[in-house]
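Trainee: Can we walk through this one together? I'd like to ask about a few residues and then about the ligand.

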Amino acid sequence: MHEADFGVDGQSVVVTGASQGIGRTIAETFAAGGADVAICSRSQDRIDPVAEQIEAETDARCLAVECNVRERDEVEAFFEAVNDEFGGIDTLVNNAGGEFVAAFDDISPNGWNAIVDLNLGGTFHCTQVASQYMREDGGGVVVNMSSVNGQHAAPNESHYSASKAAIIRLTETLSVEYASHGIRVVCVAPGLIQTPGVAETLGIQSEDMPPREAVDRRIGHTEDIADVVQFLASPAAAFVNGETYTVKGVPRAGNSMSADLGLQ
Ligand SMILES: NC(=O)c1ccc[n+]([C@@H]2O[C@H](COP(=O)([O-])OP(=O)(O)OC[C@H]3O[C@@H](n4cnc5c(N)ncnc54)[C@H](OP(=O)(O)O)[C@@H]3O)[C@@H](O)[C@H]2O)c1
């Protein structure tokens, strides 16, 4: 009789942008599932406590490396360190990302480049470098992080929306280019998720968060995204390739994160 395998036990998993928020919970979830995890952020001081907590609370090894995903040389050094430590890379989660809220006409060229370079450029660098190690070992999985704001109009977040839309098309394209290397490329598009980044950028606070069991008009928890990411990296998702999974529950104000935030 067939039994579904949602396990990630024994995998070597890289999660970018894991000092807080969705990335941190993804790393913790993989570690709790028996994977070794390598995590990065722009600050060693912010990433070290995450690794210490993961190693204290799970049997997993956790490698924490300071790495700005916009910097190619730092990305190359990070993945070389992961390969040396864990002997390969099975799954890459391109989670590092960010934004600021501004009308299109108010975004400076520097501001535009910073957001596109972080969200899309970081995904480009990490995927290109990690895939070299994956193909040496016969394959792997890349999970990209888009957003519902990459799927439809997102007023006052045009730079973010454009970069997240590009990630969806990049996912589809790479799923074809990398298929012969045994690498699946998939994507998750979260709706509004309560994270430190959202609290800081958009002023959403976590008081009175409904529990995960609630299905009607709530903000998401980071675990809502981590569970889907783990599924996509597991053997159970072996025939899922090139797709974007929207994970948004029932938004509070209609069909859009921007509407939820009162930005449209
Ligand atoms: N929260 C939401 O509602 C939501 C919705 C849709 C999509 N998403 C996407 O989900 C991902 C995580 O979102 P979040 O809300 O958890 O974000 P967050 O709370 O702002 O955390 C962002 C993480 O990325 C790291 N980071 C930022 N710039 C980096 C860089 N250049 N290099 C390496 N790491 C970097 C940050 O670490 P340091 O500051 O320590 O460097 C931090 O760990 C992002 O891609 C975001 O666009 C979020």
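**A few residues, then the ligand**

Mentor: Let's start with A103, which is placed in the loop between strand 4 (91-94) and helix 4 (109-136). Keep in mind that this is a predicted model.

Trainee: Is A103 buried, partly exposed or exposed?
Mentor: Buried takes under 20% relative accessible area and exposed takes over 50%. A103 has 29% relative accessibility, so the label is partly exposed.

Trainee: How far apart in space are A103 and N156, C-alpha to C-alpha?
Mentor: N156 belongs to another loop, the one between strand 5 (140-145) and helix 5. Along the sequence, A103 and N156 are 53 residues apart. In space, C-alpha to C-alpha, the separation of A103 and N156 is 4.3 Å.

Trainee: What value is phi of N156 near?
Mentor: N156 is partly exposed because its relative accessibility is 28%. Its phi is positive, and this is a residue other than glycine. The value for N156 is near 70°.

Trainee: Which backbone nitrogen does the side chain of T16 reach?
Mentor: T16 is part of strand 1 (residues 12-16). At 1% relative accessibility, T16 counts as buried. Its side chain makes a contact at 3.0 Å, and the partner is the backbone nitrogen of N95.

Trainee: Is A238 buried or exposed?
Mentor: Look in the loop between helix 7 (222-233) and strand 7 (244-247), where A238 is found. The cut-off to beat is over 50%. A238 has a relative accessible area of 52%, so the answer is exposed.

Trainee: What distance separates the C-alpha atoms of A238 and Y133?
Mentor: Y133 has its place in helix 4, and with a relative accessible area of 16% it is buried. Along the chain, A238 and Y133 are 105 residues apart. Their C-alpha atoms are separated by 19 Å.

Trainee: How far apart in space are Y133 and G87, C-alpha to C-alpha?
Mentor: In sequence, Y133 and G87 are 46 residues apart. Going from C-alpha to C-alpha, the distance between Y133 and G87 is 9.4 Å.

Trainee: What is the relative accessible area of V229?
Mentor: V229 lies in helix 7. V229 is buried, and its relative accessible area is 0%.

Trainee: And how far apart in space are V229 and A162, C-alpha to C-alpha?
Mentor: V229 and A162 are 67 residues apart in sequence. C-alpha to C-alpha, V229 and A162 have a spacing of 22 Å.

Trainee: On to the ligand. Which pocket does the ligand sit in?
Mentor: There are 29 residues around the ligand, and S19, R46, N95, Y160 and T195 come nearest. N95 has come up already, as the partner of the T16 side chain. As for where the ligand sits, that is the largest pocket.

Trainee: Which helices each supply at least two residues of the shell around the ligand?
Mentor: The residues of that shell divide into 13 nonpolar, 13 polar and 3 charged. As for helices that each supply at least two residues, they are helix 1 (21-32), helix 5 (158-177) and helix 6 (196-202).

Trainee: How much of the ligand's own accessible area does the protein cover?
Mentor: Let's go through some polar contacts before that. A polar side-chain atom of S19 is 2.7 Å from a ligand oxygen atom, and an N or O atom in the side chain of N68 is 2.8 Å from a ligand nitrogen atom. V69 takes part through a polar backbone atom, 3.0 Å from a nitrogen atom of the ligand. On its own the ligand has 900 Å² of accessible area, and the share covered by the protein is 92%.

Terms used. Residues numbered from 1 in each chain as written. Predicted model: local features only at pLDDT ≥ 70, side-chain atom pairs only at ≥ 80, totals over all residues. Heavy atoms only, no water. Near = heavy atom within 4 Å. Polar contact = N/O pair within 3.5 Å; in protein donor to acceptor, adjacent residues only side chain to side chain. Areas by Shrake-Rupley, 256 points an atom, 1.4 Å probe, with all protein chains shown as cover. 1 Å grid on protein atoms, 1.4 Å probe; cavity = no way out; pocket = protein on both sides within 12 Å on 5 of 7 lines; lining within 4 Å. Sits in = over half its atoms within 2 Å of the grid points. Helix = DSSP H or I, 4+ residues; strand = E, 2+ residues; numbered from the N terminus. Nonpolar A, V, L, I, M, F, W, Y, C, P; charged D, E, K, R; others polar. Buried < 20%, exposed > 50% of the residue type's maximum accessible area, 1.4 Å probe, protein only.
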